[in-house]
Amino acid sequence: MNRVRAAAVAALAAVAMLGTPVAAWASPAVAGPLDSVADAARDGGSAASLTVATVDADLSRDGEGDLAADLAAHDDAQAIELSEAVQSERPDVLVVTGVDVDADGDVVASLRDDYFAVGRGERSGIRYDYSYAAQTNVGQPSGTDLDGDNVVGGAGDAYGNGDFAGQRSLLVFSTHPIDTANVRSFNSMLWKDLPGNQLSASGLGSVAGDSIPLQSTSVWDLPLRVGGQTVHIVATATTSGTSPADALRRADQLRFLREYVSGSASLSSIADDKGREGALPAGSRVIVTGALGQEAAGTAAGQLLDGTVLVDPTTASLSELGSTWWGTAMARLQAGAESSRVDADGVGSRADFVLPSTSLNAVSSGSVEAIDRAGSTHRLVWLCVSV
């Protein structure tokens, strides 16, 4: 149990004692009550368990190819920090966001072979025989003035904010084979084509509005075969922008995820990048993971975590506390303990999630510090499910 989580649990216990009333490049190649049963499932007690983790690695450089060059020296401090966290938790599936991706696959290969697979101190290396990297919308020029600075060109006018293609994108590593023939991605889906979209309120002109894709990075649906069952890893990173248009786009990105996972008929005419239409079949085994932003934690009806499609095991134990003042206080305390990022001023936020569908059984969850850069820390968050 990490120190932050332990503090939250201890505080909860203390309150209770007082009786007070969280074209593609392909390379096939939180705290909470569930921890008490973590060891059995993660140490082989369950023949069909799957541990999925995500982390915003902040592995980005200013120039195209710079990250690949840094990693090639085999001594990049940031990548070593990341690998130590990965080796500590040893997830079966790892989704890394905030990482520069190159078409040659050098970044994928280097992280896999030169960092994750190489033991650090007392930690043994972990081998990911399967990986997936694909082109995203980051750094793809729109040809229009998306950021409203009256100049066409630059990072702010790309379909996903970035100076070059693949900057601050995502990678997936897996110990299980990825069914690449049935992978689905959604780079080309237009924002205006999402039923009920909020594009009209974004302030974007008609030219920009007609061409902008919904996804600022992409959504990847990666089917894995685990324990005789298919589990869909739906990996993404929502837009990190702060403009009103970004907020609306992010809200619609989250709504797309909910409708895709739920099998909503509203997506029946929405096609992926290979032209296959529709959402996942209702009742599919799904884990949605990646950098989803703070808004993803909302629990109002119709939102990603309203409990009808996806569940949040890290806060499930607080449901019985209701709306009492101490229940609310404990919910806030636990939410603080679940922060996946803490800035240099010590302000925490929960932006990185691993969320199972209601068709999966959550066994355990947790997090560990993975990156400390200029006083800002990012945590690797993980979830174990039985399949």
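Threonine 54 lies in strand S1, which covers residues 49–59. The model described here is predicted. In this model, threonine 54 is buried because its relative accessible area is 0%, and the cut-off for a buried residue is under 20%. The points below describe the surroundings of this residue, then an open sheet of 5 strands, and finally helix H4, which spans residues 77–89.

**Threonine 54 and its surroundings**

- The side chain of threonine 54 reaches the backbone oxygen of valine 95 at a distance of 2.9 Å.
- Leaving aside residues up to four places away in sequence, threonine 54 touches Val95, Thr97, Thr289, Gly290, Asp352, Phe353, Val354, Arg379, Leu380 and Val381.
- Among these contacts, Asp352, Phe353 and Val354 are also buried residues of strand S11.

**The open sheet of 5 strands**

- Strands pair through backbone hydrogen bonds, in either a parallel or an antiparallel sense.
- In this sheet the strand order is S5-S6-S7-S8-S11, and the pairing is mixed.
- Strand S5 (184–185) and strand S11 (352–356) stand at the edges; each has a single partner strand, so one side of each is left without a neighbour in the sheet.
- Strand S6 (residues 219–226) pairs with strand S7 (residues 229–237) in the antiparallel sense, over 8 bridges.
- Within that part of the sheet, valine 219 has threonine 236 in S7 as its bridge partner.
- Strand S8 (residues 285–291) pairs with S11, also in the antiparallel sense, over 5 bridges.
- Isoleucine 287 has proline 356 in S11 as its bridge partner.

**Strand S11, an edge strand that is covered**

- Although S11 stands at an edge of the sheet, 5 of its 5 residues are buried.
- Both faces of S11 are covered: Asp352, Val354 and Pro356 lie on one side, while Phe353 and Leu355 lie on the other.

**Helix H4 and its two ends**

- Helix H4 has 13 residues and reaches 19 Å from its first C-alpha to its last, close to the 18 Å expected at 1.5 Å a residue.
- At the start of H4, a side-chain oxygen of aspartate 76 comes to within 3.2 Å of the backbone nitrogen of glutamine 78.
- The residue that receives this approach, Gln78, is one of the buried residues of H4.
- The other buried residues of the helix are Ala79, Leu82, Ser83, Ala85, Val86, Gln87 and Glu89.
- Just after H4, arginine 90 takes a positive phi of about 55°.

Definitions and conventions:
Residues numbered from 1 in each chain as written. Predicted model: local features only at pLDDT ≥ 70, side-chain atom pairs only at ≥ 80, totals over all residues. Heavy atoms only, no water. Helix = DSSP H or I, 4+ residues; strand = E, 2+ residues; numbered from the N terminus. Expected span 1.5 Å × (residues − 1). Buried < 20%, exposed > 50% of the residue type's maximum accessible area, 1.4 Å probe, protein only. Polar contact = N/O pair within 3.5 Å; in protein donor to acceptor, adjacent residues only side chain to side chain. Pairing = 2+ DSSP bridges. Contact = heavy atoms within 4.5 Å.
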